[in-house]
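Work through the exercises below with the sequence and the 3D view open. Try each task before you read its solution.

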Amino acid sequence: MHCFLSKYTIFAPKNYNDFDMEERNKTLGEFIIEKQEEFKYSSGELSRIINSIRLAAKVVNYKVNKAGLVDIIGAAGEQNIQGEDQQKLDVYANEVFIQNLINREIVCGIASEENDDFITVQGSDNGHNNKYVVLMDPLDGSSNIDVNVSVGTIFSVYRRVTPIGTPVKSEDFLQPGVNQVAAGYVIYGTSTMIVYTTGHGVNGFTLNPAIGTFYLSHPNMTFKKDGHIYSINEGNYTHFPQGVKDYIKYCQTDEEDRPYTSRYIGSLVSDIHRNMIKGGIYIYPTSAKAPKGKLRLLYECNPMAFIAEQAGGKASDGMNRIMEIEPTELHQRVPFFCGSYNMVEKAEEFMMKAKLSKY
Ligand code: P6P
């Protein structure tokens, strides 16, 4: 009997839902190709950067998930049972992302939380003909790995501002966040996701580890204008600025839609990812321990701010829009208020009120 197959013939696997998800949701690769024309003046390099991050994320994901087997792989800095030197995972993640970007000859420079200075990347022709730089925190919150809490990679992409063909300079990296052409994060959690923007909204892709493919699982992610979750390390309360103390008390007051819920994982990517899905605000203010704040402007705050604004949220240092701050140092720190638009605005009101009350 002739067997007639068409693209409409569906081979229902054991678990139809799995097949349904894969059939229904395009892959990250398909999405990148489909959105190619949205990348301003891109000759495909930007797509290749996202693809490179996708591959590196899968490699790091495998290692992060294995990290719990300390007896097998040995704690960081020791030898594992195979006698191999066990690298700290953030050092490992740093090398994986850097190598992936260099091997593909798609960037002219890289800056990382793990490297004191930026890296100049030469092509195989010893040229400097690529036009993008990438800044990243390769494994943010890595101290949480020992207690099996989600961690993340954060990345930010700019076009270089110095002449193509010359070695990159610091000004290629010290650009305000409004110049970003792409930004995103990988969250290594109960599932591994890549969430990113190129200035046309925010989309989330979930890894199917069985086949190593990211599928579009969260199209057009948006921050609710209002939320009921506030994320801050209240252990530092006594050292917070008065405006932050006043905002925390506002969140805790039993009136209107309050008290809010306090949720703080201690992993920036996880806290902001949850708040983007449920609505909420993340605050890392100045304190005695962190007089300029703890988070880094260039490869933590700016990329998360780009994501937040593209998702309809807001990101400031408590007074000023994060993405308009003119950077002066590669690893500079800033206070960070990020999340649902109206919650960030309310926190800024308390900061301004406290500032004016001093005069
Ligand atoms: P604290 C992790 O070290 C990190 O950079 C962010 O991911 C996290 O939100 C914050 O610091 C936690 O800092 O001082 O509250 O432990």
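**Exercise 1. Two helices side by side**

Task: How do the axes of helix H3 and H5 cross, and which residues make the contact?

Solution.
Step 1. Find helix H3 at residues 45–66 and helix H5 at residues 89–103. Helices are DSSP runs of H or I with at least four residues, strands are runs of E with at least two, and both are numbered from the N terminus.
Step 2. Take the axes, which are lines fitted to C-alpha atoms, for helices over the stretch in contact; angles run from 0 to 180 degrees between N-to-C directions. The axes of H3 and H5 come within 9 Å and cross at roughly 155 degrees.
Step 3. Name the arrangement. The angle makes H3 roughly antiparallel to H5. The cut-offs are under 35 degrees for roughly parallel, over 145 for roughly antiparallel, 65 to 115 for roughly perpendicular, and oblique for the rest.
Step 4. List the contact, meaning heavy atoms within 4.5 Å. H3 contributes residues including Ile49, Ile53, Val60 and Val64. Among those of H5 are Leu89, Tyr92, Val96 and Phe97.
Step 5. Add the hand. H3 passes H5 in a right-handed crossing. A crossing is right-handed if the near helix is turned clockwise from the far one by less than a right angle, and left-handed if anticlockwise.

Before you go on, note the ground rules. This is a predicted model, where local features need pLDDT of at least 70, side-chain atom pairs count only at pLDDT 80 or more, and totals for chains, interfaces and linings use all residues. Residues are numbered from 1 along each chain as its sequence is written, and side-chain values use heavy atoms, with hydrogens and water left out.

**Exercise 2. The sheet of eight strands**

Task: In what order do the eight strands of the open sheet stand, and which strands are at the edges?

Solution.
Step 1. Read across the sheet: S2-S1-S3-S4-S5-S6-S7-S8, with mixed pairing. Two strands pair if DSSP finds at least two bridges between them.
Step 2. Look at the edges. S2 (119–120) and S8 (213–218) each have a single partner strand, so one side of each is left without a neighbour in the sheet.
Step 3. Start pairing. Two bridges join S1 to S2, which run antiparallel. Gly109 stands opposite Thr120 in S2. A hairpin of six residues links S1 to S2.
Step 4. Move to S3. S1 and S3 pair in the parallel sense over four bridges. Here Ala111 stands opposite Leu135.
Step 5. Move to S4. S3 (residues 132–140) and S4 (residues 151–159) are antiparallel, over seven bridges. Tyr132 faces Arg159 in S4.
Step 6. Place the helix from Exercise 1. H5 lies across S1, S2, S3, S4 and S5, running at about 160 degrees to S3.

**Exercise 3. Buried or exposed?**

Task: Are the residues on the two faces of S1 buried or exposed?

Solution.
Step 1. Fix the scale: buried is under 20% relative accessible area, exposed is over 50%, and partly exposed is in between (1.4 Å probe, protein chains only).
Step 2. Take one side. Gly109 and Ala111 are buried.
Step 3. Take the other. Ile110 and Ser112 are buried too, and both faces of S1 are covered.
Step 4. Widen the view. Of the 359 residues of the protein chain, 52% count as buried.

**Exercise 4. The sheet of five strands**

Task: What is the order of the five strands in the other open sheet, and which helices pack on it?

Solution.
Step 1. The order is S10-S9-S11-S13-S12, and the pairing is mixed.
Step 2. S10 (261–262) and S12 (314–316) are the edge strands, each with a single partner strand.
Step 3. S9 (residues 229–231) runs parallel to S10, joined by two bridges. Tyr230 has Ser262 as its bridge partner in S10.
Step 4. H6 (residues 242–252) packs on the sheet and touches S9, S11 and S13. H8 (residues 297–310) packs there too, touching S12 and S13.

**Exercise 5. One loop residue**

Task: Where is Asn233, and which residues does it contact beyond four places in sequence?

Solution.
Step 1. Asn233 is in the loop between S9 and H6.
Step 2. Its relative accessibility is 28%, so Asn233 counts as partly exposed.
Step 3. Leaving aside neighbours within four places in sequence, Asn233 is in contact with Phe240 and Tyr264.
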